[in-house]
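Q: I'd like a close look at one part of this model, the place where two chains come together. Could you walk me through it and then set it in its surroundings?
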Amino acid sequence: MAQIIVVTSGKGGVGKTTTSASIAVGLAERGFKTVVIDFDIGLRNLDLIMGCERRVVYDFVNVIRGEASLNQALIRDKHVSELYILPASQTRDKDALTTEGVAVVLEELRKTFDYIVCDSPAGIERGAQLAMYFADHAIVVTNPEVSSVRDSDRMLGLLSSKTKRAEESREPITEHLLLTRYSPKRVTKGDMLSISDVNEILAIPLLGVIPESQAVLRASNAGDPVILDRESDAGQAYADAVSRFLGQDLPYRFIEEKTHWLKRLFSFKEKEAV
Amino acid sequence: MSAASLVVNRHTCFQFKASFAPCTIMQISRYDLEALQEELTDIISRAPNFFLGAPIVIDLEKIKTFGEINFAKLKEILTAKNLVPMGVRNGSPEQLAWAAAQGLPALSIGKLTHGESSKKAEKQSTKLITLPIRSGMQVYAKEADLIVTAPVSAGAELLADGHIHVYGPLRGRALAGVQGNMNARIFCHTLEAELISIAGYYLTKEDMQPLPESHGMIQIYLDNEQVRIETIS
């Protein structure tokens with residue numbers, strides 16, 4: 001039986017789609033048959049990040065309305081086998097999604113896939129609530145700043161009350177925190193919330209810390225999920241996050257400020273002088 | 001209006017609707033109708049529109065032991081000032097009977113009398129919350145105390161008719177005694193709340209004095225209509 005993962009945040013622009021793409025690729029690379037669904041109807045983005053925008057014919061809404069079959073709408077990913085993309089409709093709006101329609105599609109996908117990754121739209125309206133409704137796991141993407149943390153907190157509240165698991169009083173959704181755009185340098189300066197600051201407020205297990213990185217924008221523009229950029233710090237951090245999701249215990253990387261070796265030498269000397 | 005109600009149901013000519021209409025309580029502390037009239041004139045002259053047509057409930061709690069009260073005269077004074085006397089409360093049985101004779105029925109709205117509140121206390125059970133209360137969530141302990149053993153996030157709201165105990169960090173709003181129980185208290189370990197309120201008297205974060213670095217348990221209570229924050233060492 002497939003596991004449904006929702007990638008959500010409340011706030012926009014924090015890295016939900018980037019995360020959905022990289023987590024989906026990461027899971028598929030490890031041999032799990034994975035599908036990633038774009039729930040952001042009307043603001044289709046996932047296809048761009050996955051680099052399949054030119055192959056979109058049918059979309060999620062077409063499938064829900066019975067205008068196309070799932071097989072017609074699923075796009076095979078060009079990077080990894082075992083990964084499929086179900087794009088959002090660009091011309092409709094979020095009201096085109098219905099609970100029953102989404103349930104039917106997810107039920108169908110559950111039969112053949114191991115993981116279903118749902119890329120939630122921003123906000124707390126219908127699209128976001130439907131993306132999380134059927135989930136087993138939630139990856140809450142948060143930037144280290146106060147408004148993002150508060151929005152994530154609100155999402156955690158909804159996850160524990162407005163989902164199928166909550167309504168049926170089953171075991172609650174497994175919550176994971178993913179801190180993105182983290183800059184150790186700005187944390188040291190006091191411009192940014194630290195990991196412990198965020199953890200104090202949200203208090204859920206930390207799946208990973210993705211450093212602020214040039215590689216992310218480069219990857220988005222190229223249509224190659226950043227996890228595939230194995231040289232980059234962000235790519236490696238996403239790979240770690242996937243490992244942790246699958247149960248491995250890894251230390252967190254890229255959370256300390258990088259200091260140039262010359263600077264380190266000088267600070268050593270300064271210490272000696274004292 | 002009549003057309004609208006027809007649409008609701010053709011067979012009934014009225015509906016009962018629950019509501020909490022605002023009502024001004026006039027608590028009389030000294031029975032002296034002349035002085036009362038003067039004071040009233042003075043207060044109303046300062047905010048004439050606020051009192052225009054205001055429904056008034058006369059509270060007799062503080063002059064309960066007083067024998068004869070001229071309700072007809074009292075009613076006349078209020079009506080002359082464009083106030084609408086609705087009834088009386090908290091009086092002695094004789095007082096309530098006299099008032100009723102003058103068209104002022106006995107009401108039991110708003111603050112309960114001591115006898116009633118102790119009866120309520122027996123019925124109270126406690127609501128226990130063990131999961132975090134996140135931003136945007138609201139928890140109400142109706143006719144009960146509320147105990148929270150998890151964090152209360154900024155933007156969350158705790159409401160209780162009785163006391164509120166919070167064992168995690170309190171960052172949201174906490175309102176105890178929301179039905180008017182002025183003896184309700186809030187207990188917490190760390191106070192980072194956005195707002196605290198006892199029986200409608202509140203303090204916002206801005207009004208709260210910073211507490212000493214290392215403090216023990218905190219209690220918040222109402223003292224003479226002032227919200228007090230106190231550490232218990």
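How many residues of chain B are in contact with residues of chain A?

A: Happy to take you through it, bearing in mind that this is a predicted model. On the chain B side, eight residues are in contact, and they meet eleven residues of chain A. Together the two chains bury about 820 Å², and carbon and sulfur atoms carry 42% of that area. On the chain B side, the residues that lose the most area to chain A are R134(B), S135(B) and R171(B). Taken together, these three make up 62% of what that side buries.

Charged pairs also feature here: three salt bridges are counted between chain B and chain A. One of them links R134(B) to D153(A), with the closest N and O atoms 3.0 Å apart. So R134(B) appears both among the residues that lose the most area and in a salt bridge, where a side-chain nitrogen of Arg lies within 4 Å of a carboxyl oxygen of Asp.

From the chain A side, a good residue to look at is I201(A), which sits in helix α10, residues 195-202 of chain A. Beyond its neighbours within four places in sequence, I201(A) is in contact with V149(A) and D153(A) in its own chain and with R134(B), S153(B) and R171(B) across the interface. I201(A) therefore touches both R134(B) and D153(A), the two partners of the salt bridge described above. I201(A) has a relative accessible area of 28%, so it counts as partly exposed, the class between under 20% and over 50%. For a sense of distance within chain A, I201(A) and A28(A) are 173 residues apart in sequence and 33 Å apart in space, C-alpha to C-alpha.

Now for the wider setting in chain B. Its secondary structure comprises six helices and 14 strands, and 35% of its 233 residues are buried. The accessible surface of chain B is about 14,100 Å², with 54% belonging to carbon and sulfur atoms. Of the contacts in chain B with a separation of 6 or more, 37% are between residues 24 or more positions apart.

One element of chain B worth a glance is an open sheet of three strands, ordered β1-β2-β3 with parallel pairing. Both β1 (24-27) and β3 (84-89) of chain B have a single partner strand and stand at the edges, so one side of each lacks a neighbour in the sheet. From one strand to the next, the twist averages 30°. Four bridges connect β1(B) with β2, residues 55-59 of chain B, and M26(B) has I58(B) as its bridge partner in β2(B).

Conventions. Residues are numbered from 1 along each chain as its sequence is written. Chains are lettered from A and ligands numbered from 1 in the order in which they are written. This is a predicted model: local features need pLDDT of at least 70, side-chain atom pairs count only at pLDDT 80 or more; totals for chains, interfaces and linings use all residues. Side-chain values use heavy atoms; hydrogens and water are left out. Two strands pair if DSSP finds at least two bridges between them. Helices (H or I, at least four residues) and strands (E, at least two) are DSSP runs, numbered from the N terminus. Axes are lines fitted to C-alpha atoms, for helices over the stretch in contact, and angles run from 0 to 180 degrees between N-to-C directions. Buried means under 20% relative accessible area, exposed over 50%, partly exposed in between (1.4 Å probe, protein chains only). Contact means heavy atoms within 4.5 Å. Accessible areas come from the Shrake-Rupley method with a 1.4 Å probe; for residues, only the protein chains shown count as cover. Buried area is the accessible area (1.4 Å probe) that two parts lose on being put together, summed over both.
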